[in-house]
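Subject: Structure handover

Hello,

Here is the structure you asked to take over. Please open it alongside this message; my notes follow below.

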Amino acid sequence: MDLNFDLYTNGVVEQARNEIENAGYEQLTTADEVDKVLQQDGTSLVMINSVCGCAGGIARPAAAHALHYDKLPERLVTVFAGQDKEATQQARDYFEGYAPSSPSFALIKDGKITEMIERHQIEGHEVMDVINQLQDLFEKYCEER
């Protein structure tokens, strides 16, 4: 085991967690927490966080800046792929019809997936493109707040 690599990885994970939490997303780390949130009526945006440098570096700022919009999900939550494995797997069980993808976003309404923004729609795109995709979902499925 390379101690320097582990320290670096832990620092990157902590930074990625803090970035999305500071944007207003609640971290879900267990399967029970995921079910408690996603089984509720109304809308939840799930950000599947990842240490992937290029796509994660686009997804996290987009997750924060997309919230400057009139219509928003009732709940903002995040699971961390590769870190909180139980929570991530439980969340993915709600993403029926979509392959595992991280980073990504899923909009859940009344316990069911509406649409997902997958990694291939994030990686290689501009942050503003992802913000627009998120706000399109908000426009379709969320109420004005």
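A definition to begin with: two strands pair if DSSP finds at least two bridges between them. Bear in mind too that this is a predicted model.

**The sheet**

By that criterion, β2 and β5 pair. The pairing of β2 with β5 (residues 104–109) is antiparallel and runs over 6 bridges. One position to look at is S44, which stands opposite I108 in β5. β2 also pairs with β4 (residues 75–80), and here the two strands run parallel, joined by 6 bridges. I48 has V79 of β4 as its bridge partner.

Now the whole sheet. It is open, has 5 strands, and its pairing is mixed. The order is β1-β4-β2-β5-β6. At the edges are β1 (26–27) and β6 (112–117), each of which pairs on one side only. β6 is joined to β5 by 5 bridges, and those two run antiparallel. In that pair, F105 has I117 of β6 as its bridge partner.

**Strand β2**

Is β2 buried or exposed? The cut-off matters here: buried means under 20% relative accessible area. 7 of the 7 residues of β2 (residues 43–49) are buried, so the strand is largely enclosed by the rest of the structure. Both faces are covered. On one side, T43, L45, M47 and N49 are buried. On the other, S44, V46 and I48 are buried. So S44, the residue opposite I108, and I48, the partner of V79, both belong to this enclosed strand, as 7 of its 7 residues are buried.

**Helices α2 and α4**

Two packed helices are described by the angle between their axes and the distance between the axes. For α2 (residues 31–38) and α4 (residues 85–92), the angle is about 35° and the axes are 7 Å apart. The crossing of α2 past α4 is right-handed. α2 brings A31, V34, D35 and L38 to the contact, and α4 brings E86, A87, Q90 and A91. By type, the residues of this contact divide into 5 nonpolar, 1 polar and 2 charged.

Take α2 next. Its buried residues are A31, V34, D35, V37 and L38. The cover over them includes β2, β4, α4 and β5.

In α4, the buried residues include A87, T88, Q90 and A91. These cover an arc of only 165° around the axis, which puts them on the same side of the helix. α2 and β4 are among the elements that cover the buried residues of α4. The other side of α4 has K85 and E86, which are exposed.

K85 lies in helix α4. Its relative accessibility is 59%, and therefore K85 counts as exposed. For a distance check, K85 and A64 are 21 residues apart in sequence and 23 Å apart in space, C-alpha to C-alpha.

**Backbone points to check**

Most residues other than glycine have a negative phi, and most peptide bonds are trans. Two places in this model deserve a look on that account.

One is the peptide bond between S102 and P103. That bond is cis, with omega about -5°. P103 is in the loop between α4 and β5.

The other is D110. D110 is not a glycine, yet its phi is positive, at about 50°. Where is D110 placed? D110 is in the loop between β5 and β6. D110 is partly exposed, with a relative accessible area of 43%.

**K109**

One residue before we finish: K109, found in strand β5. K109 is partly exposed, at a relative accessible area of 32%. What does K109 contact beyond its neighbours within four places in sequence? The contacts are G42, T43, T114 and Y141. T43 is also one of the buried residues of β2. The C-alpha atoms of K109 and P73 are separated by 9.0 Å, with the two positions 36 residues apart along the chain counted as their separation.

Best wishes

Notes
Residues are numbered from 1 along each chain as its sequence is written. This is a predicted model: local features need pLDDT of at least 70, side-chain atom pairs count only at pLDDT 80 or more; totals for chains, interfaces and linings use all residues. Side-chain values use heavy atoms; hydrogens and water are left out. Buried means under 20% relative accessible area, exposed over 50%, partly exposed in between (1.4 Å probe, protein chains only). Helices (H or I, at least four residues) and strands (E, at least two) are DSSP runs, numbered from the N terminus. Axes are lines fitted to C-alpha atoms, for helices over the stretch in contact, and angles run from 0 to 180 degrees between N-to-C directions. A crossing is left-handed if the near helix is turned anticlockwise from the far one by less than a right angle, and right-handed if clockwise. Contact means heavy atoms within 4.5 Å. Ala, Val, Leu, Ile, Met, Phe, Trp, Tyr, Cys and Pro count as nonpolar, Asp, Glu, Lys and Arg as charged, and the others, Gly among them, as polar. The arc is that of the directions from the helix axis to the C-beta atoms.
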